[in-house]
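Here is a set of short exercises to work through with the structure open beside you. Try each task before you read its solution.

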Amino acid sequence: KAAASSAASDEARDAMRSAADALRGLADITSPPSLWQYERAGASLQRMIHASPYSEEREDVHGSHKEDPTPIVTQANPVGRVLLCYTGGTLGMVKEGGSWSPQQKRGGLSALIASMIEFHDDTMPDIHMVEYDPLLDSSNIGPADWCSLANLVGRHYFDYDGFVIVHGTDTMAYTASALSFMLEGLGKPVVLTGSMIPMREPFNDARRNLISSIVLAGSSQSCEVSVFFNDGLLRGNRAVKCDAGGLAAFSSPNHPPLATVGAAGVSAQNRHLWRPPPSARLRIHSNLDARVVVVRLTPGFDDGALVAMVTHTPELRGLVLSLYGTGNGPSHKAAFVEMIESAIAREIVVVAVTQCFQGAVSLDTYEVGRRLLELGVVSAGDMTTEACVTKLAYLCGRGLDFRDVRAAMGRNLRGEITEPGTASITPMNAPMGVPNNRPVNL
């Protein structure tokens with residue numbers, strides 16, 4: 001007890017010292033302070049009041065996350081301070097045996113970053129780094145890693161102005177969606193990025209993606225999880241991987257980009273769509289219930305396989321059906337209807353997403369969709385499959401019962417869905433104005 005009390009006192013003294021230094025810095029400067037200086041002072045004060053964010057933290061899968069971040073680039077007068085988390089992915093890969101694979105020797109990416117003159121410009125932030133050990137292909141990243149990343153942000157939340165996560169592209173949209181739900185009350189930018197071509201190649205997209213992400217994380221006013229790729233900053237839970245080989249590999253089909261980067265710098269013409277600053281401190285929810293399955297329907301599919309899955313998977317919590325068009329399915333097939341009825345009777349949440357790249361589920365548009373609505377299928381609206389799956393896992397992990405999960409799936413929690421009756425915000429009609437579609441807390 002005495003040791004714990006002493007540690008708490010030391011932490012409180014450190015927090016008070018940081019707050020005093022930050023406020024003194026505001027008083028000493030001769031020109032008007034920048035936004036990030038105000039934010040750093042505010043973060044220091046918040047750290048003094050709350051020793052750490054609220055967290056349901058569980059043990060990390062990767063022990064390297066417990067290590068202190070390593071300084072990579074230090075500026076005399078930094079424009080912010082960014083924590084870079086390197087999980088793996090194409091960006092830092094090396095060629096072995098004729099194919100690209102994650103570099104298992106630690107320090108390779110940090111050495112590259114430290115050698116880049118762009119990061120030593122006086123307009124750049126300080127960069128500290130945490131590296132996964134071992135580095136992972138994103139195909140091997142799942143819910144346990146999402147929890148590790150959320151907890152990493154929580155542990156260092158008051159020490160940095162923003163966070164960049166270098167991630168493989170294949171599952172980046174899933175990780176971004178999951179983190180958007182797990183980090184409730186996020187007041188700083190968390191930017192995921194990667195590349196289609198490794199940084200070690202003479203021609204690559206890695207440098208631009210990494211530089212832009214670090215600039216945005218260190219100096220933007222974003223209060224959400226996002227994906228930066230090619231030239232666009234996308235809301236994390238609206239992003240999808242749309243191209244397996246092109247440099248513009250990510251898109252946000254039902255939501256405009258939050259910002260774009262071009263010859264004139266950063267353009268935030270959709271600034272009005274950014275999430276508002278939080279009204280409460282960061283809360284980290286790292287309990288996910290991943291007992292969710294996605295089924296993409298095809299004409300003439302085997303009903304028996306679906307019935308067997310529902311019947312013989314007693315622990316299943318959620319079933320996401322990827323349906324045609326606006327949410328249409330074969331309502332005349334008795335076995336398919338009976339499968340849905342059986343799932344709902346067992347309190348399995350059944351959600352309909354569209355197979356279309358753009359658009360939304362509207363179950364009351366056609367008779368076949370209305371039949372599914374009558375059975376109790378929940379519409380995912382214009383959510384991506386990635387957002388739908390991770391939202392289900394998040395809500396089930398919060399301990400909500402069947403009815404509450406069903407109700408929450410249609411509510412806008414983190415900007416992931418346009419609720420019925422509000423203005424659509426697809427890229428074609430974004431200039432119409434600010435939709436009355438404010439996120440709710442859950």
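An axis here is a line fitted to C-alpha atoms, for helices over the stretch in contact, and the angle between two axes runs from 0 to 180 degrees between N-to-C directions. Please keep in mind that the model is predicted.

**Exercise 1. Helix H5 against helix H10**

Task: Find how H5 and H10 (residues 385-397) pack, and classify the angle between them.

Solution:
- Step 1. The axes of H5 and H10 lie 8 Å apart, and the packing angle is about 40°.
- Step 2. Angles under 35 degrees would count as roughly parallel, and 65 to 115 as roughly perpendicular. H5 is therefore oblique to H10.
- Step 3. The crossing of H5 past H10 is right-handed.
- Step 4. On the H5 side, the contact uses Ala-173, Tyr-174, Ser-177, Ala-178, Phe-181 and Met-182. H10 contributes Glu-386, Ala-387, Thr-390, Lys-391 and Tyr-394.
- Step 5. Sorted by class, the contact of H5 with H10 holds seven nonpolar, two polar and two charged residues.

**Exercise 2. The surroundings of H5**

Task: Work out how many residues of H5 are buried, and which strands H5 touches.

Solution:
- Step 1. Buried means under 20% relative accessible area. By that cut-off, 10 of the 11 residues of H5 are buried.
- Step 2. Among the buried residues are Met-172, Thr-175, Leu-179 and Phe-181.
- Step 3. To see the sheet, line up its nine strands in the order S2-S6-S3-S7-S9-S10-S11-S14-S15; this sheet is open and its pairing is mixed.
- Step 4. At its edges are strand S2 (70-73) and strand S15 (265-267), each of which pairs on one side only.
- Step 5. Ignoring direction, neighbouring strands of the sheet are turned against each other by 25° on average.
- Step 6. H5 (residues 172-182) packs on this sheet and touches strand S7 (162-166), strand S9 (190-193) and S10. The direction of H5 makes about 155° with that of S10.

**Exercise 3. Strand S11 and its partners**

Task: Describe how S11 pairs with S10 and with S14, and say whether its residues are buried or exposed.

Solution:
- Step 1. Strand S10 (residues 225-229) and strand S11 (residues 232-235) are antiparallel, with four bridges between them. One bridge partnership is that of Phe-229 with Gly-232.
- Step 2. The hairpin of S10 and S11 has two residues between the strands, and Asn-230 takes a positive phi near 65° there.
- Step 3. S11 is also joined to strand S14 (residues 259-262), by two bridges, and this pair runs antiparallel too. In S14, Thr-260 is the bridge partner of Gly-232.
- Step 4. In a regular strand the side chains alternate between the two faces of the sheet.
- Step 5. For S11, Gly-232 and Leu-234 lie on one side, and Leu-233 and Arg-235 on the other; all of these are buried.

**Exercise 4. Locating Ser-267**

Task: Place Ser-267 in its strand, and find which residues it contacts beyond its neighbours within four places in sequence.

Solution:
- Step 1. Ser-267 belongs to strand S15, an edge strand of the sheet.
- Step 2. Its relative accessible area is 30%, so Ser-267 is partly exposed.
- Step 3. Apart from neighbours within four places in sequence, Ser-267 is in contact with Ala-259 and Thr-260.
- Step 4. The C-alpha atoms of Ser-267 and Gly-232 are separated by 9.6 Å, with the two residues 35 apart along the chain.

**Exercise 5. H8 and its two helix partners**

Task: Describe how H8 packs with H7 and with H9.

Solution:
- Step 1. The axes of helix H7 (residues 303-311) and helix H8 (residues 334-345) come within 9 Å and cross at roughly 10°. This makes H7 roughly parallel to H8.
- Step 2. H7 and H8 cross in the left-handed sense. Residues making the contact include Leu-306 and Val-310 of H7, together with Phe-336 and Met-339 of H8.
- Step 3. The contact of H7 with H8 has seven nonpolar residues, one polar and one charged.
- Step 4. For H8 and helix H9 (residues 367-375), the axes come within 10 Å and cross at roughly 30°. H8 and H9 are therefore roughly parallel as well.
- Step 5. The crossing of H8 past H9 is right-handed. Phe-336, Val-337, Ile-340, Glu-341 and Ile-344 of H8 meet Arg-371, Leu-372 and Leu-375 of H9.
- Step 6. In the contact of H8 with H9, six residues are nonpolar, no residue is polar and two are charged.

Methods. Residues numbered from 1 in each chain as written. Predicted model: local features only at pLDDT ≥ 70, side-chain atom pairs only at ≥ 80, totals over all residues. Heavy atoms only, no water. Parallel < 35°, antiparallel > 145°, perpendicular 65-115°, else oblique. Left-handed = near helix turned anticlockwise from the far one by under 90°. Contact = heavy atoms within 4.5 Å. Nonpolar A, V, L, I, M, F, W, Y, C, P; charged D, E, K, R; others polar. Pairing = 2+ DSSP bridges. Buried < 20%, exposed > 50% of the residue type's maximum accessible area, 1.4 Å probe, protein only.
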